[in-house]
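This report goes through one protein model, with headings by topic. The sequence and the structure come first.

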Amino acid sequence: MRIQILLPLLLLFLLGGCGQKEKTQQNKNYNAHEISSIHIQNDSWQLALLASPDEDVHISAQSPDDETTIKQTDGILTIIQTDGPKNTLEQFSFSKKGKLSLSLPADMHCPISVENNSGDMEICNIACSDFLLDNSSGYGKFTNLTMDTAKINTASGDICIADSQITDIQMHSSSGYLFLDNPSVTNIELHAKSGEAEISQVEGNINLGISTQSGDITVSYQSPPDNLNFQIASNSKDISAKLQGAVYETDAPDCKQGTIGTGESHLNIQSDSGTVVIR
């Protein structure tokens, strides 16, 4: 009986103890004026892009086992995190993933590209010219960003962007949830398959296009648009559109089409089978 009790305890000790490795930390600092672009390849770590307290770029990488490469060549700052091979005990351990943090100066305005697999991402209080994200399953929470363009592709990871000034946003998703809250933008294009797409507190007179296959679509305006050409369609025949001052060319259960004012900006909504709510 004592052997039956001791064996599980021994197994837990091996998994929780021997599978652990001591954390190592790598810190590097760079002159922001010597960097023309940033490329990040992240396998599974937590990834944070934050505001720097000074005029330099600061990088911190902390992990018990995985590998990180940080280098600057010809103005290109490259950070690559790859998961190293794990033995049997490590595969069953519950140790935390590593964390990769970049702190960028407020006036830094270079392109940033991120290839992310499963790591969760936090990006806030930074500015860049162009932002490119290719994401698999990681969750992304982005706040207070200033960008000229943002192009985001995600497979199953949810992406939420709040309180950001981005001139042009393009987002594509297979099953991940796309959410924009209080964006200050000129053009928005969202495309999803089964994932939902939601835009909250958007300005009235912008160019907005959303398409989904089965995902639901929700758009809420800060104030009613007064200069809009709109076309809203869904094969589900489940459309709720509250547009003040609209003159309808088509007002059917599966299609709403018309103008508000002179119709200089546009709203194009298309879903194969999802519900559509515009308010």
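Which residue in β19 does E198 stand opposite? The partner is T218. The model is a predicted one, and the sections below describe the strand pairing around this position, two buried residues, a charged pair and the confidence values.

## Strand pairing

E198 and T218 face each other where strand β17, covering residues 197-202, pairs with strand β19, covering residues 217-221. The two strands run in the parallel sense, and four bridges link them.

Both strands belong to an open sheet of twelve strands with mixed pairing, whose order is β1-β4-β7-β3-β9-β11-β13-β15-β17-β19-β25-β21. At the edges are β1 (24-31) and β21 (239-241), each of which pairs on one side only. With direction ignored, neighbouring strands of this sheet are turned by 5° against each other on average.

## Strand β3 and its two partners

Elsewhere in the order, β3 sits between β7 and β9. Strand β3 spans residues 46-51 and runs parallel to β7, joined to it by six bridges. In this pair, L47 is opposite L100 of β7. The pairing of β3 with strand β9 (residues 121-124) is also in the parallel sense, over three bridges, and here A48 is set opposite E122 in β9.

S101 lies in strand β7, which covers residues 99-104. S101 counts as buried because its relative accessibility is 17%, and the cut-off for buried is under 20%. Neighbours within four places in sequence left aside, the contacts of S101 are A48, H58, I59 and S60. A48 thus appears twice in this region: in contact with S101 and opposite E122.

## Surroundings of T212

T212 is part of strand β18, residues 207-212. Its relative accessibility of 5% is why T212 counts as buried. When neighbours within four places in sequence are left out, T212 is in contact with A192, K193, G195, I217, Q270, S271 and D272.

One of these residues, S271, also makes a polar contact with T212, side chain to side chain, at 2.9 Å. Between the C-alpha atoms of T212 and S174 the separation is 9.4 Å, with the two residues 38 apart along the chain.

## A charged pair

How many salt bridges does the count give? There is one salt bridge. Side chains of opposite charge can pair when their charged atoms come close. D251 and K256 form a salt bridge, and their closest N and O atoms are 2.7 Å apart.

Is D251 buried or exposed? D251 is exposed because its relative accessible area is 52%, where exposed means over 50%. K256, by contrast, counts as buried, at 13% relative accessibility.

## Whole-chain figures

The protein contains two helices and 25 strands. Of its 279 residues, 44% are buried. Taking the contacts between residues at least 6 apart in sequence, 44% of them join residues at least 24 apart.

## Confidence

The average pLDDT of the protein is 90, and 86% of the residues score at least 70. Two stretches stay under 50: residues 15-19 and residues 87-94. Beyond four places in sequence, the model has ten contacts for residues 15-19 and 13 contacts for residues 87-94.

Terms used: Residues are numbered from 1 along each chain as its sequence is written. This is a predicted model: local features need pLDDT of at least 70, side-chain atom pairs count only at pLDDT 80 or more; totals for chains, interfaces and linings use all residues. Side-chain values use heavy atoms; hydrogens and water are left out. pLDDT is the predictor's confidence in each residue, from 0 to 100. Contact means heavy atoms within 4.5 Å. Buried means under 20% relative accessible area, exposed over 50%, partly exposed in between (1.4 Å probe, protein chains only). A polar contact is a pair of N or O atoms within 3.5 Å; within protein, one must be able to donate a hydrogen and the other to accept it, and residues adjacent in sequence count only if both atoms are side-chain atoms. A salt bridge is a side-chain nitrogen of Lys or Arg within 4 Å of a carboxyl oxygen of Asp or Glu. Two strands pair if DSSP finds at least two bridges between them. Axes are lines fitted to C-alpha atoms, for helices over the stretch in contact, and angles run from 0 to 180 degrees between N-to-C directions.
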